[in-house]
Amino acid sequence: QVQLVESGGGLVQAGGSLRLSCAASGRTFRTYAMGWFRQAPGKEREFVAALTWNGAITYYPDSVKGRFTISRDNAKNTVYLQMNSLKPEDTAVYYCAADKTVFRNYFHGSPLTGDFGSWGQGTQVTVSS
């Protein structure tokens, strides 16, 4: 299991950008697929982005495709979420997560919260209109 700490959230105007970071502990970080999820008040946690352990494949829902980019730096044990063209509906607490499975080469369909076994504490993103 890895420990995850998110940072980079904040308040931004619609159309602006933010970059979230997720620092992971442990030498095994590079073996895990990583994901970002978000949860708005009164709503279920939803998938935002994921990439495989080697970064070869990325996944995004239609709601963020073309605006958000997930990436990883294994030398720094860090995964990033670059968010551009932010909208008020992107307002949520954003969570970083590590896969339950090592060396995953792909997800069957859209990644699910149940695919991930380690979670960060979350970072708030607020987009004003």
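## Phe116 and the aromatic pairs

Phe116 has a relative accessibility of 3% in this predicted model, and because the limit for a buried residue is 20%, Phe116 counts as buried. Its ring pairs with that of Trp119 in an edge-to-face arrangement, with 6.3 Å from centre to centre and 65 degrees between the planes. Trp119 has a relative accessible area of 29% and is therefore partly exposed. The pair thus joins a buried ring to a partly exposed one.

The count of aromatic pairs comes to seven. One of them is formed by Phe37 and Phe47, whose ring centres are 5.7 Å apart. The planes of these two rings meet at 65 degrees, so the pair is edge-to-face. Phe37 belongs to strand β4 (residues 32–39) and Phe47 to strand β5 (residues 46–51). The two residues are ten apart, and their pair links distant parts of the chain. Phe37 is buried, and Phe47 is buried too. One aromatic cluster takes in Phe37, Phe47, Tyr59, Phe107, Phe116 and Trp119.

## Charges over rings

Trp119 also has a charged neighbour: Arg45 lies over the face of its ring, 4.9 Å from the ring centre. Trp119 is itself a member of the aromatic cluster that includes Phe116.

A second arrangement of this kind involves Arg72 and Phe29. Here Arg72 lies over the face of Phe29, and the distance to the ring centre is 4.6 Å.

## Salt bridges

The model contains five salt bridges. Arg38 is bridged to Glu46, with 2.6 Å between the closest N and O atoms. The two partners fall into separate accessibility classes: Arg38 is buried, because its relative accessibility is 5%, whereas Glu46, at 34%, is partly exposed.

Arg67 and Asp90 form another salt bridge, with an N to O distance of 2.8 Å. This pair links distant parts of the chain, the two residues being 23 apart. Arg67 is in the loop between β6 (58–59) and β7 (68–73), and Asp90 is in the loop between β8 (78–83) and β9 (92–102). Both Arg67 and Asp90 are buried. Through salt bridges that share partners, Arg38, Glu46, Arg67 and Asp90 are joined into one network.

Lys65 and Asp62 also meet through their side chains in a salt bridge, at 3.5 Å from N to O. Asp62 is exposed, with a relative accessibility of 67%.

## The disulfide

The structure has one disulfide. The cysteines concerned are Cys22 and Cys96, with 2.1 Å from S to S. The angle about the S-S bond is -80 degrees, and the link is left-handed. Cys22 is in strand β3 (residues 18–24) and Cys96 is in strand β9, so the disulfide ties together parts of the chain that are 74 residues apart in sequence.

Cys22 has a relative accessible area of 0% and is therefore buried. Cys96 likewise has a relative accessible area of 0% and is buried. Strand β9, which holds Cys96, also bounds the loop in which Asp90 lies.

Note on methods:
Residues are numbered from 1 along each chain as its sequence is written. This is a predicted model: local features need pLDDT of at least 70, side-chain atom pairs count only at pLDDT 80 or more; totals for chains, interfaces and linings use all residues. Side-chain values use heavy atoms; hydrogens and water are left out. A salt bridge is a side-chain nitrogen of Lys or Arg within 4 Å of a carboxyl oxygen of Asp or Glu. Buried means under 20% relative accessible area, exposed over 50%, partly exposed in between (1.4 Å probe, protein chains only). Helices (H or I, at least four residues) and strands (E, at least two) are DSSP runs, numbered from the N terminus. Rings of Phe, Tyr and Trp (its six-membered ring) pair if their centres lie within 6.5 Å; planes under 30 degrees apart count as stacked, over 60 as edge-to-face and the rest as tilted. A charge sits over a ring if NZ of Lys or CZ of Arg is within 6 Å of the ring centre and within 35 degrees of the ring normal. A disulfide is a pair of cysteine sulfur atoms within 2.5 Å.
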